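Trainee: Could we go through this model together? I would like to see how each label follows from its value.

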Amino acid sequence: MNPVRYEDYRPTERPSYQEELEEVVAQVARRTRVSVERETAGRAVRTAHGKTYGLLKATVTVGENPGFHGQGIFARPTVYDAVVRYSNGLGHLRPDHQLGAACGMGIKLFGVVGPSLLDDERDSCTFDFNLINNDVFFANTAYDYMVIEDLFAELPEALVDPARRKTWMAEFLTRRQTLTDPGSWLWDELLAMLSFTAVPRRNLLSYTYNSMGAFRYGDHIAKIRTVPTAASLSSLTHQIVDVRADNEAFRRTLVAEAAERDHSFDLQVQLNTDLARMPVDNTSVKWPEELSPWVTVARVDLPRQDIGGDDNLAAADATSITPWRSREEHRPIGEIQRVRQEVYRRSSIERHRINGQERREPAGSAELLG
């Protein structure tokens with residue numbers, strides 16, 4: 001089956017979208033400001049992916065990708081300097097056993113030609129992928145995000161407390177009683193949210209990480225993921241992440257693995273072949289692999305390195321990752337992706353302002369990691 005052409009996708013924008021987006025941005029900015037006191041760290045913390053586990057030097061090697069898969073930055077063999085940041089998905093700085101296992105892998109490429117999609121850094125030569133260890137997301141519109149982000153801030157306590165769990169899920173499902181017709185309730189989104197609770201606690205280098213949202217892929221549409229290579233997966237020696245025995249189990253395991261050996265991932269794309277069964281505007285639905293298999297278009301290599309110092313965590317915390325630090329050939333698409341554009345940018349601006357950090361894209365991995 002041939003992939004869908006990008007020009008055949010028709011984005012829609014509801015009349016209330018801009019007003020809802022502005023409220024979401026204001027809401028995230030408020031939560032960022034109060035995080036200084038809430039997280040007692042003496043600095044502003046991200047409202048999502050607040051706890052960093054480490055920043056690693058990487059190389060991304062693009063292979064020969066013929067036909068449909070040779071698009072945009074994947075059109076010809078290239079080697080990119082890069083960094084990879086690992087983090088927890090929640091917006092808290094707590095011991096690992098008080099956080100879930102939803103974790104992120106952010107990849108930043110350096111030396112990518114062409115103007116960035118971010119208006120305030122058009123000449124930046126960086127390109128980001130923000131990925132998470134699940135294949136579905138739990139919000140699809142600006143209004144969903146506005147309500148759900150507020151509920152998201154209650155996690156993980158809301159789902160642990162038996163008294164709050166049922167009311168929390170009811171509020172999520174009905175978007176706090178704003179959806180009165182059961183046919184419009186957020187079933188896909190609720191199931192997507194609950195799927196995060198089933199993610200096992202494992203070595204960060206053993207997960208598959210997904211974009212969840214869709215992107216333009218040159219002439220086509222795709223999702224992106226990373227999968228550890230078979231050799232890399234079999235080489236892991238720290239399989240157990242015991243968060244009860246170690247409050248910093250995820251980081252210590254990552255530090256140990258990084259110091260002992262090289263690691264590698266296949267970077268893969270899944271082309272959209274059916275807009276009805278592989279919806280762009282519903283990120284809570286997994287795209288069936290029987291309609292379109294994942295195909296490797298590049299490789300991410302993490303050389304053996306020492307990331308154990310506090311300076312590594314400081315560099316990781318200052319590193320900004322957004323799906324909109326991209327190029328026109330890989331424009332994020334779908335309403336929730338458009339929401340991320342301004343939310344991520346304004347959140348980063350506010351956090352860097354409060355923390356007194358310069359907000360500037362680095363020229364290469366050596367600038368961050370030496």
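Trainee: Why does R175 count as buried?

Mentor: Happy to help, and keep in mind that this is a predicted model. R175 has a relative accessibility of 15%, and buried means under 20%, so R175 counts as buried.

Trainee: Where is the place of R175?

Mentor: R175 is in the loop between helix 4 (162-173) and helix 5 (187-195). Leaving aside residues up to four places away in sequence, R175 touches T141, Y143, D144, V147 and L186.

Trainee: What makes the pair R175 and D144 a polar contact?

Mentor: Their side chains are joined at 2.6 Å, and the cut-off for a pair of N or O atoms is within 3.5 Å. The value of 2.6 Å therefore meets that cut-off.

Trainee: How do you know that helix 2 is mostly covered?

Mentor: Helix 2 spans residues 142-152, and 9 of its 11 residues are buried. Among them are D144 and V147, both touched by R175. The cover over the buried residues of helix 2 includes helix 1 (17-38), helix 4, helix 5 and helix 9.

Trainee: Which elements give two or more residues to the lining of the second largest pocket?

Mentor: That pocket has a volume of about 330 Å³. Of the 18 residues lining it, A318, E358, R360, E361 and P362 are the closest to its centre. The elements you ask about are helix 8 (310-318), helix 9 (335-355) and helix 10 (365-369).

Trainee: How do the residues of that lining divide?

Mentor: The lining has 4 nonpolar, 5 polar and 9 charged residues.

Technical notes:
Residues numbered from 1 in each chain as written. Predicted model: local features only at pLDDT ≥ 70, side-chain atom pairs only at ≥ 80, totals over all residues. Heavy atoms only, no water. 1 Å grid on protein atoms, 1.4 Å probe; cavity = no way out; pocket = protein on both sides within 12 Å on 5 of 7 lines; lining within 4 Å. Points joined across faces, edges and corners; volume = space filled by probe spheres on them. Helix = DSSP H or I, 4+ residues; strand = E, 2+ residues; numbered from the N terminus. Nonpolar A, V, L, I, M, F, W, Y, C, P; charged D, E, K, R; others polar. Buried < 20%, exposed > 50% of the residue type's maximum accessible area, 1.4 Å probe, protein only. Contact = heavy atoms within 4.5 Å. Polar contact = N/O pair within 3.5 Å; in protein donor to acceptor, adjacent residues only side chain to side chain.
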